[in-house]
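I opened a fresh page for this one and kept my notes short. Here is the structure I was looking at, followed by what I looked up.

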Amino acid sequence: MRPLRIALTKGRLEKDTVGLFEQMGKDCEALHNKGRRLILPVGDGNLEAVLCKAADVITYVEHGVCDLGVVGRDTILEYPGSFYEVMDLGFGRCRFALAGPKDKDFYSGYREKTIATKYPNVARAFFESKAMDVNVIKIEGSVELAPLLGLSDAIVDIVETGSTLKENGLQVIEEITPISARLIVNTASMKLRKEEIEALLSQMEAALSEKGR
Ligand SMILES: Nc1ncnc2c1ncn2[C@@H]1O[C@H](COP(=O)(O)OP(=O)(O)OP(=O)(O)O)[C@@H](O)[C@H]1O
Ligand SMILES: O=P(O)(O)OC[C@H]1O[C@H](OP(=O)(O)OP(=O)(O)O)[C@H](O)[C@@H]1O
């Protein structure tokens, strides 16, 4: 049988995930010296890490080519799928917020508002919950540019320290929901490789509580 495969979100969540593996006593030499390799052994050969973009973590786990995944709650909310979300890993903490220019009252006036975001499903769901019709425009990154350039009235985006908003004359209008990294599991793997997955989950839980989350 192949090793258990865990898809990891490249970039921001990668370092903390490797830190977690090390806390679990797993050798992460290959992950530290990965070069351009995308599939790396973790520990003694029972686990391998697949490095990919956040949305692809969900795709690989849903299709069962990866048994587990580490992905932000932001991505889960934007691309809901059929998998189990089994653990809050406690790192990658930030939040979704509605934000806009400092000097403007977003809710004033009756004109339909335009919202720029990398997360159109999250933005639509937020405004549906307020029974507000908005025009949503998808942006791929540096979303804060959209209101500065006059493309949108506001943005729905991730806020961590608030520096990006502040340095661009924007501010939080409303907090939407907290975000952190989550562990997800393929539904079939959960049944077929139950013992191995449960053992891994216990090790993770122990490592996280040692770190005091
Ligand atoms: N400022 C932030 N603070 C904390 N966590 C963040 C922050 N921005 C993103 N994240 C979390 O880290 C995950 C990965 O973000 P990262 O910025 O590394 O990649 P990305 O923006 O999704 O993709 P790209 O590779 O296009 O930049 C996000 O899905 C989110 O869960
Ligand atoms: O509140 P802060 O600490 O300033 O962090 C928030 C910023 O971090 C993320 O962007 P990222 O750096 O991932 O770049 P991107 O906009 O190109 O995705 C997010 O989209 C915000 O722009």
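**Entry 1: a pair in the strands.** I began with Arg95, which stands opposite Pro178 in β10. A reminder to myself that the model is predicted. On another strand, β9, I found Val159 as the bridge partner of Arg95. I then looked up the strands themselves. β6 covers residues 94-101 and pairs with β10, residues 170-179, in the antiparallel sense over eight bridges. β6 and β9 also run antiparallel, joined by five bridges. I jotted down the general point that strands of a sheet pair through backbone hydrogen bonds, either parallel or antiparallel.

**Entry 2: the domains.** Next I checked how the protein chain is divided. The assignment gives domain 1 as 4-92 + 180-211 and domain 2 as 94-178. Taken over C-alpha atoms, the centres of domain 1 and domain 2 are 30 Å apart. Five residues from domain 1 and seven residues from domain 2 make the contact. On the side of domain 1 that touches domain 2, I noted one nonpolar, two polar and two charged residues.

**Entry 3: the open sheet.** How are the six strands of the open sheet ordered? I read the order as β2-β3-β1-β4-β11-β5, with mixed pairing. β2 (39-42) and β5 (84-88) are the edge strands, each pairing on one side only. From one strand to the next, the twist averages 30°.

Inside this sheet I looked at β1 (residues 4-9) and β3 (residues 47-52), which pair in the parallel sense over six bridges. Arg5 has Glu48 as its bridge partner in β3.

Two helices that pack on the sheet went into the notebook as well. Helix α1, residues 14-23, touches β1, β2, β4 (68-72) and β11 (181-185). The direction of α1 makes about 145° with that of β1. Helix α3, residues 54-62, touches β1, β3, β4 and β11. For α3 I wrote down an angle of about 150° with the direction of β4.

**Entry 4: ligand 1.** Which residues come nearest to ligand 1? Of the 15 residues around ligand 1, they are Gly11, Arg12, Gly72, Cys94 and Glu160. I was pleased to see that this shell draws at least three residues from each of domain 1 and domain 2. By class, I have five nonpolar, six polar and four charged residues around ligand 1.

**Entry 5: ligand 2.** I listed the shell here too. Around ligand 2 are Gly141, Ser142, Val143 and Glu144, then Asp157, Ile158, Val159, Glu160, Thr161, Gly162, Ser163 and Thr164. The elements giving two or more residues to this shell are β9 (154-159) and α7 (163-167). β9 gives the most, with three residues. By class, the shell around ligand 2 has three nonpolar, six polar and three charged residues.

Looking back over my lists, I saw two names return. Val159, the β9 partner of Arg95, is among the residues around ligand 2. Glu160 is one of those nearest to ligand 1, and Glu160 is also in the shell around ligand 2.

**Entry 6: the record.** Last, I turned to UniProt, where an unreviewed entry lists residues 53-205 as "domain: ATP phosphoribosyltransferase catalytic". In the model, the end C-alpha atoms of residues 53-205 lie 25 Å apart. The span is 33% helix and 32% strand.

Conventions
Residues are numbered from 1 along each chain as its sequence is written. Chains are lettered from A and ligands numbered from 1 in the order in which they are written. This is a predicted model: local features need pLDDT of at least 70, side-chain atom pairs count only at pLDDT 80 or more; totals for chains, interfaces and linings use all residues. A residue is near a molecule or strand if its C-beta atom, placed from the backbone, lies within 6 Å of it. Helices (H or I, at least four residues) and strands (E, at least two) are DSSP runs, numbered from the N terminus. Ala, Val, Leu, Ile, Met, Phe, Trp, Tyr, Cys and Pro count as nonpolar, Asp, Glu, Lys and Arg as charged, and the others, Gly among them, as polar. Two strands pair if DSSP finds at least two bridges between them. Axes are lines fitted to C-alpha atoms, for helices over the stretch in contact, and angles run from 0 to 180 degrees between N-to-C directions. UniProt positions are given in the numbering used here, feature names are shortened, and annotations may be inferred rather than shown by experiment. Domain bounds come from an automatic or database domain assignment.
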